[in-house]
2 protein chains.
Amino acid sequence: MVKLAIDIMGGDYAPLEIIKGVELAMDKYADLEVILFGDEKIISEHLPASPRVQIIHCPDKIDMGEKDPIGEIRRNRNTSLVRAFQAVRDKEADGAVTAGPTQGTVAAAHLIIRRIKGMKRVALCPQLPKLGGKNRFLLDVGANTELRSEHLLQLAQYASIYAREVKGIEKPLVGLMNIGSEPGKGREQEKETFELLQNDPNVNFYGNVEGKEIFSTPCDILITDGFTGNMVMKTCEGVAKAVGTFLKEEINTPKKKIGYLLMKDVFKNFKKTMSPDEIGGANLFGVDGIVVKAHGSSDAYAFSNAINQARLAVLGDVVRKMKAIIGSGEGIELD
Amino acid sequence: MVKLAIDIMGGDYAPLEIIKGVELAMDKYADLEVILFGDEKIISEHLPASPRVQIIHCPDKIDMGEKDPIGEIRRNRNTSLVRAFQAVRDKEADGAVTAGPTQGTVAAAHLIIRRIKGMKRVALCPQLPKLGGKNRFLLDVGANTELRSEHLLQLAQYASIYAREVKGIEKPLVGLMNIGSEPGKGREQEKETFELLQNDPNVNFYGNVEGKEIFSTPCDILITDGFTGNMVMKTCEGVAKAVGTFLKEEINTPKKKIGYLLMKDVFKNFKKTMSPDEIGGANLFGVDGIVVKAHGSSDAYAFSNAINQARLAVLGDVVRKMKAIIGSGEGIELD
């Protein structure tokens, strides 16, 4: 069985869509048990009782627009997010899922669950849209604006374990985001990271990857600091949006409109491919437990996907396997 | 009259397409005089003689794949690029245009023309594709992997003058590329730069701009360091390419193919909008003269656009106006 702590109060459509998402996931995955953190009355009104569901009443939440999420986490230890993360810390749950605010999630994970011993930084790692034949992982996209080469190496190791155990990619190929493909390109940080990645037995290193190759590179994992990763990820979003606007403006004659109608499935499929609901949430790599941050705008379907993402990471035992690499004293051999 | 030094030997299709590009530009702009640096025999065979054309024989060139362009520039002072830039340095020409290798161009401009006195860094500044109603300038896209806040301020000042004098935008709006829209976001560098831009009388500062707003922001100019700018620019390219590939793969039924044919103008227009030939070359801001780096793959039409870009910058007198801001001793009041 996999036991997940779910923040019912976080997200633009919480609590109802989140509760529906839990129901969808419970129906689909028989090995799933949940502890739900939120307003007990609302939850029990909308979710059928089940021995696989436990409810902890904590109706307070961190607002999506909260200016000082870290302060709020320190001040109020009774929000649904904090309580869910405490359950992970206390090993009552194997992982947690929230659609609450990103910075609040990262901060709470740091403060409550804490990093894996020996792990120097955490990273937010979403999947990029499935263009060019595969879903690629991009990290960090914003947990840390700055990361040093040794941090990037650890994060590449973690992402490699994740891709292998959860996605079944035997030797995930890791690329370093850079401004040129040849070795020696980039800032000091990229040059140092290139060396470390190239010489690490736990990483199958491809080399540098430029922005223009982001959807054509054979890599499964793309590594960079949180500032650059955030820029790259959001630029993808910006271009996709601009393409949509461009098409809308240009389809301005009856002939083009008929063409559009005949091609409608293509555009629908494109929209679906780019949708965060399909992609799932962002993983938070590096804390001592599984944390998935679902998109703030998650509906029930999207949230159920995020729950499954956390479930698969628990089943893949990625945290224990990362601990083995770090050698944090657990003495487990990497299989 | 505007007198430009043209590197005839640089670019994937040099020298013939470059010569044709010069001819196109000469036909179009009666105020244009050129000094052509390259193989005299080939040039005079392909270009009609004119009192507005002067040819300097220097057939050597810096290869597009040259691993050590800086070394090559130091070793051989007789390449067409070096000679063209010497003409700018010696005030024989008002500006230079080349389709040669980017890093070689930046290095040669530094070594030969040199920076404007008081200007701390140079920047490569292309225009982004005209999506969302306007062409926006993005800088730096790779002249410097790292830039400090005071460098970014100077570059914002330069770009503002350029946008005003060359594009006729009275008060160009400047945005700082960042990972969040609120003040206080980003690395120390962004926080410091935000303060400087906000308080500078020569810059009309908008605030932070996220990657997802790159084609919807009201800004005319987007400022960032050369590493981030290069990532953002090339990611745009990568997404556009991926969209094209996606469409090609998805148009796989007769119905969709007919739809595609009816919409063909829309896709053609999209391709044209994204094409570097339409956008022109990248400006090199900060050296003591006008330098335009045309795309390596420039054909005659693209190169003639790059020539016009340099011509307009000369007519806009942007270098002199930047000197006035820096207060480099010329004592000119900013108009």
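## A sheet in chain A

In β4(A), A:V97 serves as the bridge partner of A:I6. This comes from a predicted model, in which strand β1 (residues 2-7) of chain A and strand β4 (residues 95-98) of chain A are paired in the parallel sense over three bridges.

Both strands belong to an open sheet of seven strands in chain A, whose order is β3-β2-β1-β4-β11-β10-β5 and whose pairing is mixed. At the edges stand β3 (53-57) and β5 (123-125) of chain A, each with a single partner strand, so one side of each is left without a neighbour in the sheet. On average, and with direction ignored, neighbouring strands of this sheet are turned by 25 degrees against each other.

## Helix α6 in the two chains

In chain A, helix α6 (residues 149-167) lies across β5 and β10 (282-285), and its direction makes an angle of about 125 degrees with β10(A).

In chain B, helix α6 (residues 149-167) consists of 19 residues and reaches 26 Å from its first C-alpha to its last, which is close to the 27 Å expected at 1.5 Å a residue. Just after α6(B) comes B:G168, which takes a positive phi of about 70 degrees.

## Helix α8 of chain A against helix α8 of chain B

The axes of helix α8 (residues 226-250) of chain A and helix α8 (residues 226-250) of chain B come within 9 Å and cross at roughly 40 degrees, and the two helices are therefore oblique to each other. The crossing of α8(A) and α8(B) is right-handed.

On the side of α8(A), the contact is made by A:T228, A:M231, A:V232, A:T235, A:C236, A:V239, A:A240 and A:V243, while α8(B) contributes B:T228, B:M231, B:V232, B:T235, B:C236, B:V239, B:A240 and B:V243. By class, the residues of this contact of α8(A) with α8(B) divide into 12 nonpolar and four polar, with no charged residue. An α-helix has 3.6 residues a turn, so residues three or four places apart point the same way.

## Helix α9 of chain A against helix α9 of chain B

Helix α9 (residues 254-262) of chain A packs with helix α9 (residues 254-262) of chain B at an angle of about 150 degrees, their axes being 7 Å apart, which makes α9(A) roughly antiparallel to α9(B). The crossing in which α9(A) passes α9(B) is left-handed.

The residues that make the contact are A:K255, A:K256, A:I258, A:G259, A:Y260 and A:L262 of α9(A), together with B:K255, B:K256, B:I258, B:G259, B:Y260 and B:L262 of α9(B). In the contact of α9(A) with α9(B) there are six nonpolar, two polar and four charged residues.

Conventions: Residues are numbered from 1 along each chain as its sequence is written. Chains are lettered from A and ligands numbered from 1 in the order in which they are written. This is a predicted model: local features need pLDDT of at least 70, side-chain atom pairs count only at pLDDT 80 or more; totals for chains, interfaces and linings use all residues. Axes are lines fitted to C-alpha atoms, for helices over the stretch in contact, and angles run from 0 to 180 degrees between N-to-C directions. Helices (H or I, at least four residues) and strands (E, at least two) are DSSP runs, numbered from the N terminus. Angles under 35 degrees count as roughly parallel, over 145 as roughly antiparallel, 65 to 115 as roughly perpendicular and the rest as oblique. A crossing is left-handed if the near helix is turned anticlockwise from the far one by less than a right angle, and right-handed if clockwise. Two residues are in contact if their C-beta atoms, placed from the backbone, lie within 7 Å. Ala, Val, Leu, Ile, Met, Phe, Trp, Tyr, Cys and Pro count as nonpolar, Asp, Glu, Lys and Arg as charged, and the others, Gly among them, as polar. The expected span of a helix is 1.5 Å times one less than its number of residues. Two strands pair if DSSP finds at least two bridges between them.
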